[in-house]
Amino acid sequence: MDIKELLKKNVQYIKGVGEARAKLLHKLGIYDVEDIITYFPRDYEDRSRLKKINELIDGESCAFEGIIASKVSQHRFRKGLTLYKVLIKDETGAITASWFNQHYIGKVLRIGERFIFFGRISGRYKNLEVQSPVYEKHDIGEARNVLKIVPVYPSTADLTQNTIRATISSALEMVGGKLEDFLPKSILSEHQLSEINYSIQQIHFPKSDEDFKNARYRLVFEELFLLQLCLLSVKKSFEKDKKGIEFKNVPEMDDFIKMLPFKLTNAQKKVFEEIEKDMESNNVMNRLVQGDVGSGKTIVAVLALFKAIRNGYQGALMVPTEILAEQHYKSISELMGRYDINTALLTGSQTKKQKTKILEEIKSGEVQIVIGTHALIEDNIEFKNLGLVITDEQHRFGVRQRSLLSKKGEDPDAIVMTATPIPRTLALILYGDLDISIIDELPPGRKPVKTYPVDDGMRERINNFIIKEVRQGRQVYIVCPLVEESEEINAKSAVQHAEKIAKDDFKDLRVGLIYGKMKAKDKEEVMRSFVGGEIDILVSTTVIEVGVNVPNASIMVIENAERFGLAQLHQLRGRVGRGEYQSHCILYSEGKTEVCRERMKIMQKTNDGFIISEKDLDLRGPGEFFGTRQHGIPELKIANLYEDIDILKKAQEAAITLINDDKDLEREENFKLKTKMLEILSEKLYNITMN
Ligand code: ADP
Ligand code: MG
């Protein structure tokens, strides 16, 4: 059979795979032969080196050889739970091995026979133990599970490692080294990449550490190279060092900075310097500004806008929610007004009449700064001379929306701001030429928010605490996961919760309610009352998640905290602790799982957004966390966004060189590569549209 045909064959075509097993494989996303041979191990166990018993180390997984030195003993704990133990010896020492419920073990492990074992060691010297080791007789020919580096696959409980190993092994046998290399020879040799058949074989069953490294390097390179090629082809051109506006120095800048109600932190100064340098160069700026919630990103954006306007250009600031747009509009138009700079607000819910007027003024250049939501990127919006575009809370936008905003001008400089750190590798994949600035310092005088994970048993005490704080003049947020009660989902809804607490828990306090679907006017009304101190407790959904600033609010209560991501909890918590008061964050959680408890503990332990997102990554896995899917990027099969940055850079350079050399991959040596690329583009990357 043709190798191409074979790769597309259903997994049932593989020896030993029946209907039932095929179903289990489907659960892992494995449907055809190609899927299974590219189902890469998540880890390896080195069972290749045999240790002497006196070399075994507490806590390590080791392979060793020994002679069965006792009869297998049985200890029955209760019905259905029997422990089997046996003593193993070599010339250096002894170790006890134990298994639960392996009734046949006494028949296999007979005194005087020699076996190889692999398992996790515990204890030392005279009390060495190994629990449930795998074992194999030394002399049965080719060893399967010991004496080699053994792959460990991501799996569900129903499929054992042995089954996956055997299935992959049979599939590789069928493929028989006939995979075709679609990477051009020139790239293989220039980057010293291993051949494809060797790489696939060795990634599953590496003969040595070096073979594994070679294989992995090649496969990671291939994955990132292909992804980069696809992105380049979608973007059409790689916009590195693209010529843009050369902004001039603005003499009034010092004056403007002095007028601010606070002194800039050193981190803000440093980041703004980086931005100024970019703006003054003749290349297009593409800068990501990262800074934890409350680190003061807005003001940095304001300074850049001021510079752009004083250079005679217009500026635009795009934010994900109307509330945030309104709040930014309020503070920014106030600052800019003092310099006679005309700022406008543009949101989806403005009346047609309002909009028409603003659109005209944007077009004529009368409006110099426009702050808005997605409404900013609608087709009918035209600028006179847009020179600077800024996207706030950029993780809420897709690649496409950001680039649509840039398209409103002629190669304007661009800043994207986010409180959610993204790894440099992903930034490179997504933006290629993005530079990163980090505001790594909070304004002085902030007291870290104290966080308490609790359950319903604490409600009365917490309610009393809230009442006490409100009596002292503070304000409170209560966030619920849902807007309205739902039959399917058992979680608090903002509407019902607000009704209940207004009548019951907090009947003497002023309770307000806000959620995304309310009319913009009503939302604004509620927000205004909250800012003005006319509401004590604001019940909401996550509409307040990003950006909103009320320094007098000191308590953040989150209902059903288990339903939120850590990064989101951190954002929500960032709504308090913005003023001089000690602030508190209460996380009500009904989640009983280990991971859930772990997550709440992390929130309690740290206020550092970078640490939180790293832990979140740990607990959730990269694909889900970074929403690579949300960016339209397929989940990576082997490359690691944290570790493989060096390979990524090489792959990226190689992709650029290749495209510069053969723009549409029309040369014969690139033909297979092009086919592969088109396959990926049609199957997996259909979501990316960045033109
Ligand atoms: P974020 O980075 O989360 O967008 P903001 O820009 O909203 O943070 O700033 C949070 C709060 O800190 C605002 O009330 C802002 O006025 C204030 N702030 C910003 N910079 C400073 C500073 N250097 N000193 C004191 N307060 C500051
Ligand atoms: Mg902000």
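This passage walks through three helix pairs, the surroundings of ligand 1 and the contacts of one loop serine in a predicted model.

Helix H11 is a handy place to start, as it turns up in two of the pairings described here. Helix H10, spanning residues 266–280, packs on H11 with the two axes 10 Å apart and an angle of about 30°. Angles under 35 degrees count as roughly parallel, so H10 and H11 come out as roughly parallel to each other. Their crossing is right-handed. On the H10 side, the contact is made by Gln-268, Val-271, Phe-272, Ile-275, Glu-276, Met-279 and Glu-280. H11 answers with Ile-299, Val-300, Leu-303, Ala-304, Lys-307 and Ala-308. Sorted by class, that contact holds nine nonpolar residues, one polar residue and three charged ones.

H11 itself covers residues 297–310, and its axis also comes within 11 Å of the axis of helix H12, residues 322–337. Here the two axes cross at roughly 45°, which makes H11 oblique to H12. The handedness of this crossing is right-handed. From H11, the residues involved are Thr-298, Ile-299, Val-302, Leu-305 and Phe-306, and they meet His-328, Ile-332, Leu-335 and Met-336 of H12. The class tally for H11 with H12 is seven nonpolar, two polar and no charged residues. Ile-299 is worth a second look: it is listed in the contact with H10 and again in the contact with H12.

The third pair sits elsewhere in the sequence. Helix H5 (residues 161–175) and helix H7 (residues 196–204) pack with axes 11 Å apart, at an angle of about 165°. An angle over 145 degrees counts as roughly antiparallel, and H5 and H7 are therefore roughly antiparallel to each other. The crossing in this case is left-handed. H5 brings Ile-168, Leu-172 and Val-175 to the contact, while H7 brings Asn-197, Ile-200, Gln-201 and His-204. By class, the H5 and H7 contact splits into four nonpolar, three polar and no charged residues.

Turning to the ligand, 16 residues lie around ligand 1, and those that come nearest are Lys-263, Gly-294, Thr-298, Arg-446 and Asn-549. Thr-298 thus appears by the ligand as well as in the contact between H11 and H12. Several polar atom pairs can be picked out. Lys-263 uses its backbone: an N or O atom there lies 2.8 Å from a nitrogen atom of ligand 1. Lys-297 instead uses its side chain, placing a polar atom 2.8 Å from an oxygen atom of the ligand. Arg-446 also engages through its side chain, with an N or O atom 2.7 Å from an oxygen atom of ligand 1.

Finally, there is a small detail in the strand region. Ser-70 lies in the loop between strand E3 (61–68) and strand E4 (73–78). Neighbours within four places in sequence aside, Ser-70 is in contact with Val-86, Leu-87 and Ile-111. With Leu-87 there is also a polar pairing, since the backbone nitrogen of that residue lies 3.0 Å from a polar atom in the side chain of Ser-70.

Technical notes: Residues numbered from 1 in each chain as written. Chains lettered and ligands numbered in written order. Predicted model: local features only at pLDDT ≥ 70, side-chain atom pairs only at ≥ 80, totals over all residues. Heavy atoms only, no water. Axes fitted to C-alpha atoms, helices over the stretch in contact; angles between N-to-C directions. Helix = DSSP H or I, 4+ residues; strand = E, 2+ residues; numbered from the N terminus. Parallel < 35°, antiparallel > 145°, perpendicular 65-115°, else oblique. Left-handed = near helix turned anticlockwise from the far one by under 90°. Contact = heavy atoms within 4.5 Å. Nonpolar A, V, L, I, M, F, W, Y, C, P; charged D, E, K, R; others polar. Near = heavy atom within 4 Å. Polar contact = N/O pair within 3.5 Å; in protein donor to acceptor, adjacent residues only side chain to side chain.
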